[in-house]
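Hi everyone, thanks for coming. I'd like to walk you through a structure that may be new to you, so let me put it up on the screen.

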Amino acid sequence: IVYQKLYYPKSRKKLLAVLKKSVSPKRYQHLLGVEQAALRLAELNQVDLEKASIAALVHDYAKERSAADFRSVITKSNLDPDLLNWNNVIWHGVVGAQMIKDELGIQDEEILDAVRKHTVGAPQMTLLDKIIYVADFIEEGRVFPDAQLARTIAYADLDSAVAFETKHTLQYLMSANKVIYPAAILTYNKWVVEN
Ligand code: GDP
Ligand code: FE
Ligand code: FE
Ligand code: FE
């Protein structure tokens, strides 16, 4: 895919070089895997391939940043102060989007929103939001027992894949006595219960 530079000021190759410096080799491979899955889902669902590629490649851009970095961005960019009570799992999407905007020069709100929603989802999700949320879960590097089933569902019906992933994640969090971010419950109520 060749970028027309509508959403990112430089080439895909330049973006890859930035990402390679920003995350571990393992996570860099994950980004490429998410891009591959996202492009396939974008084609199946008639979504802009350039947006899908960029959102996929940058979705975990901030995953390895320090808590101090996140705290400073939350404060300086006037993000919801409740975020200060959470951690990297929640920050790297919601706060990471601000870092992507400031540091990579990506302004497109659809791309930034897809990054914001990629970990816990939301009751309202665009096709691009769903694609990044699901691609993150099904990329080829994911080896959990239900990964192949999740892929089959995703390539058949995107909404069903959002429901499957949401239920799977909440079941895991509860079985491990882990804290559930309140927004994750709203995602569950919409995509697992209502749909
Ligand atoms: P990754 O960044 O590629 O690893 O993928 P994600 O951004 O989707 O993060 C996945 C991790 O977030 C998994 O370990 C999930 O269990 C965890 N996670 C997702 N939602 C929640 C939540 O509501 N609470 C907690 N504590 N963890 C969550
Ligand atoms: Fe992530
Ligand atoms: Fe995810
Ligand atoms: Fe990811």
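I'll talk about the metal ions and then about ligand 1. One thing to keep in mind is that this is a predicted model.

Okay, metals. Let's begin with the iron ion that's labelled ligand 4. Which residues hold on to it as protein donors? They're His30 and His59, each through NE2, plus Asp60 and Asp136, each through OD. Those donors lie 2.1 to 2.2 Å from the ion. If you want to find them along the chain, the spacing reads H-x28-H-D-x75-D. Now look at where the two histidines come from: His30 is in helix α2, residues 25-44, while His59 is in the loop between α3 (49-58) and α4 (67-76), so this pair ties together parts that are 29 residues apart in sequence.

Next, keep your eye on Asp60. Asp60 bridges the iron ion we just looked at, ligand 4, and another iron ion, ligand 2. Those two ions lie 3.5 Å apart.

So what else binds the iron ion that's ligand 2? Along with Asp60 through OD, the protein donors are His92 and His118, both through NE2, and the distances run from 2.0 to 2.1 Å. The spacing pattern here is D-x31-H-x25-H. Again, the histidines link distant parts of the chain: His92 sits in helix α5, and His118 sits in the loop between α7 (109-116) and α8 (127-138), 26 residues apart. There's also an iron ion labelled ligand 3, and it is 5.6 Å from ligand 2.

Now over to ligand 1. Where does it sit? The space it takes is the largest pocket. Two elements give two or more residues each to the shell around it, namely α5 (88-94) and α10 (158-175). Helix α10 gives the most, with three residues.

How many residues are around ligand 1? There are 17, and the ones that come nearest are Lys63, His118, Thr119, Val179 and Tyr181. By class, the shell has eight nonpolar, five polar and four charged residues.

Some names come back here. His118, which we met as an iron donor, has a polar side-chain atom 2.9 Å from an oxygen of ligand 1. His30, another iron donor, has a side-chain N or O atom 3.0 Å from a ligand 1 oxygen. For Thr119, a polar side-chain atom lies 2.7 Å from an oxygen of ligand 1. And how much of ligand 1 gets covered? Taken alone it exposes 580 Å², and the protein buries 80% of that.

Definitions and conventions:
Residues numbered from 1 in each chain as written. Chains lettered and ligands numbered in written order. Predicted model: local features only at pLDDT ≥ 70, side-chain atom pairs only at ≥ 80, totals over all residues. Heavy atoms only, no water. Near = heavy atom within 4 Å. Polar contact = N/O pair within 3.5 Å; in protein donor to acceptor, adjacent residues only side chain to side chain. Areas by Shrake-Rupley, 256 points an atom, 1.4 Å probe, with all protein chains shown as cover. 1 Å grid on protein atoms, 1.4 Å probe; cavity = no way out; pocket = protein on both sides within 12 Å on 5 of 7 lines; lining within 4 Å. Sits in = over half its atoms within 2 Å of the grid points. Helix = DSSP H or I, 4+ residues; strand = E, 2+ residues; numbered from the N terminus. Nonpolar A, V, L, I, M, F, W, Y, C, P; charged D, E, K, R; others polar. Donors = N, O, S within 2.8 Å, 3.2 Å for Na, K, Ca; no water.
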